[in-house]
Amino acid sequence: MSQGRPIRVVVGKVGLDGHDRGVKVIAQGLRDAGMEVIYAGLRRTPAELAQIVLQEDADVLGLSILSGAVSQLSRRVVAALNEAGLDDILVVVGGITSPQIIHDLDELGIKGVFGPGTDIPSVAAFIELNVRGRLPEVGAASAQDS
Amino acid sequence: MRVNDDLATLFQRLRAGDRRALSRALTLIENGHPQAAGLVDAVDQPSDAARRVGITGPPGAGKSTLVAAMADAHRAAGRSVAVLAVDPSSPDGRGAILGDRTRMSRHYLDPGVFIRSMGTRGALGGLSDAAGEALVLLNAAGFDEVIVETVGTGQVELDVTGHAGTVVLTLMPGGGDSVQAMKSGILEVADIIVVNKGDLEGAKQLVNEVRQALHLRRPADWKIPVVRTDALTGEGIDALLTAIQAHRDYLRSSPGLPGLRRQVLANQIVAQAVALLRVEARRLLDSPAGDTLIQDLQHGALSPRAAAERLAGMIANTPQPQEA
């Protein structure tokens, strides 16, 4: 696959928590980092997110979860992805974290967990590294810091 | 991304209704993968561009909501729907936020609806460069209805007319008076005009103004209908689908293409042909005959124009590749 193509990321929220500021900030930041961000919206079900990832042929699914149910919701989303045959999708989670949550998500295979205070370039770098197997070029990474 | 998917298998799965195969094929097309051309070539039935519907109009007119309402009506009638929704990429042509599908969220789990978002990736005509080929694949995947939604357009983004038999221009009250509509080439593109947000103040007035503006144009066989809709409630959608069907009937019955659509299609062929010729010209110039030509130019034995004419002659005499 040509290295020039944009990485495609579906971002959205599951469950009833309607705090969408974080997911919008992330969407804007990943766009500025050169990714195509498909905004899935709020209150999606795990099955809906899996269908969106499938139809959009996304490389990455980014979940923003600001309720306490990060582990439970993430587990259901991963199950829905697996059921749709999408086990090769990189899942990243942003929101409220704790050592227990990080441990739970690690067991689900989710290594990209970003808590409050995360800077967006580090999220973008994590995605680049895990999708392309390498970090973005220095010039490209710093251009969006301004 | 598994690039080594066997192309023929991928296409067969796509034809058989495998949505993941379709999704992957669209990615190959969009990324200009070397195998992608083979995918489109594999489409063996004529792609019914005339049956596609293009939705265009200024930002915020309610295009995505209108598409969702149209999908409701099609689904109620048992017809499957594919939507290609194009949103603008950032000026560097890479990053994009693709948000049209949030208006269509009630269709997310419906197996009879397939939605794909695309960034323009630097294209300026209101669609992406890959949109045309993507639409061919969506047709090949067997959807009853294929709808393409352009980016929010101003006055010059006319690409959609080359890829959709029926173009619906979506306007809204408060978006400028009829003079705006008259001066923009976009009125020329429209086969049907929708005044959406029909519940808002000024909607009826806009309908009247647009009708008057249309009245001032040269008489044509197809009288552009103006339909007032409220996409959020579904009001007017049946009238819109009736108008689309009437336009399809008109296209079937009328000989030849209307002037603008012919022009846009001709432009597409010219652009593709120039790209092919450029490759061929480079190839010939890398040959011994090309060396001679370049040397003659350098020594002044040929003018640039004469050298170009000779090269054009060489291209014309090159045997055409046989169709497989």
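Are Phe114(A) and Phe126(A) buried or exposed? Keep that question in mind while we walk through this model, which is a predicted one. We will start with chain A as a whole, follow its strands, and then come back to the two rings.

Chain A has 146 residues, and 49% of them count as buried. Its secondary structure consists of 6 helices and 5 strands. If you trace the chain along its sequence, these elements come in the pattern β-α-β-α-β-α-β-α-β-α-α. Many of the contacts reach far along the chain: among those between residues at least 6 apart in sequence, 70% join residues at least 24 apart.

A good place to step inside is strand β4 of chain A, which spans residues 90-95. This strand is mostly covered, with 5 of its 6 residues buried. On one hand, β4(A) is joined to strand β3 of chain A (residues 60-65) by 6 bridges, and the two strands run parallel. You can pick out individual partners here: Ser64(A) has Gly94(A) as its bridge partner in β4(A), and Val60(A) is matched with Leu90(A). To get from β3(A) to β4(A), the chain passes through helix α3 of chain A (residues 70-83), and this β-α-β crossover is right-handed.

β4(A) also pairs with strand β5 of chain A (residues 112-114), again in the parallel sense, over 3 bridges. Here Val93(A) has Val113(A) as its bridge partner in β5(A). The link between these strands is helix α4 of chain A (residues 99-108), and β4(A), α4(A) and β5(A) together make a right-handed β-α-β unit.

Now step back to see the sheet to which these strands belong. It is an open sheet of 6 strands with parallel pairing, in the order β5(A)-β4(A)-β3(A)-β1(A)-β2(A)-β3(B). The strands at the edges are β5 of chain A and β3 of chain B (96-98); each has a single partner strand, so one side of each is left without a neighbour in the sheet. From one strand to the next, the twist averages 20°.

Helices pack on this sheet. Helix α2 of chain A (residues 46-56) touches β1 (8-14), β2 (36-44) and β3 of chain A, and its direction makes about 160° with that of β2(A). Helix α3(A) touches β1, β3 and β4 of chain A, with its direction at about 155° to that of β3(A).

Within the sheet, one residue deserves a closer look. Lys13(A) sits in strand β1 of chain A. What is its relative accessible area? The value is 0%, so Lys13(A) is buried. A polar atom of the Lys13(A) side chain lies 3.3 Å from the backbone oxygen of Ser64(A), and Ser64(A) is the residue we met as the bridge partner of Gly94(A). Apart from neighbours within four places in sequence, the contacts of Lys13(A) include Gly18(A), His19(A), Asp20(A), Gly41(A), Arg43(A) and Leu66(A).

Time to return to the opening question. A search of the whole structure finds 3 aromatic pairs over all chains. One of them is formed by Phe114(A) and Phe126(A): the ring centres are 5.6 Å apart and the planes stand at 80°, so the pair is edge-to-face. Phe114(A) belongs to strand β5 of chain A and Phe126(A) to helix α5 of chain A (residues 120-132), so the pair ties together parts that are 12 residues apart in sequence. And the answer is that both Phe114(A) and Phe126(A) are buried.

Chain B has an aromatic pair to visit as well. Phe114(B) and Phe143(B) form a tilted pair, at 6.1 Å centre to centre and with 40° between the planes. Phe114(B) lies in strand β4 of chain B (residues 113-119), while Phe143(B) lies in the loop between α5 (131-140) and β5 (145-149) of chain B, so this pair ties together parts 29 residues apart in sequence. Phe114(B) is buried, at 0% relative accessibility, and Phe143(B) is buried too, at 6%.

Let us finish with the sheet in chain B. This open sheet has 7 strands in the order β4-β2-β5-β1-β6-β7-β8, with parallel pairing. Its edge strands are β4 and β8 (226-228) of chain B, each pairing on one side only. Inside the sheet, strand β2 of chain B (residues 81-87) pairs with β5(B) in the parallel sense over 5 bridges, and Val83(B) stands opposite Ile147(B).

Notes. Residues are numbered from 1 along each chain as its sequence is written. Chains are lettered from A and ligands numbered from 1 in the order in which they are written. Side-chain values use heavy atoms; hydrogens and water are left out. Buried means under 20% relative accessible area, exposed over 50%, partly exposed in between (1.4 Å probe, protein chains only). Helices (H or I, at least four residues) and strands (E, at least two) are DSSP runs, numbered from the N terminus. Two strands pair if DSSP finds at least two bridges between them. A crossover is right-handed if, with the strands pointing away from the viewer, the path from the first strand over the helix to the second runs clockwise. Axes are lines fitted to C-alpha atoms, for helices over the stretch in contact, and angles run from 0 to 180 degrees between N-to-C directions. Contact means heavy atoms within 4.5 Å. Rings of Phe, Tyr and Trp (its six-membered ring) pair if their centres lie within 6.5 Å; planes under 30 degrees apart count as stacked, over 60 as edge-to-face and the rest as tilted. A polar contact is a pair of N or O atoms within 3.5 Å; within protein, one must be able to donate a hydrogen and the other to accept it, and residues adjacent in sequence count only if both atoms are side-chain atoms.
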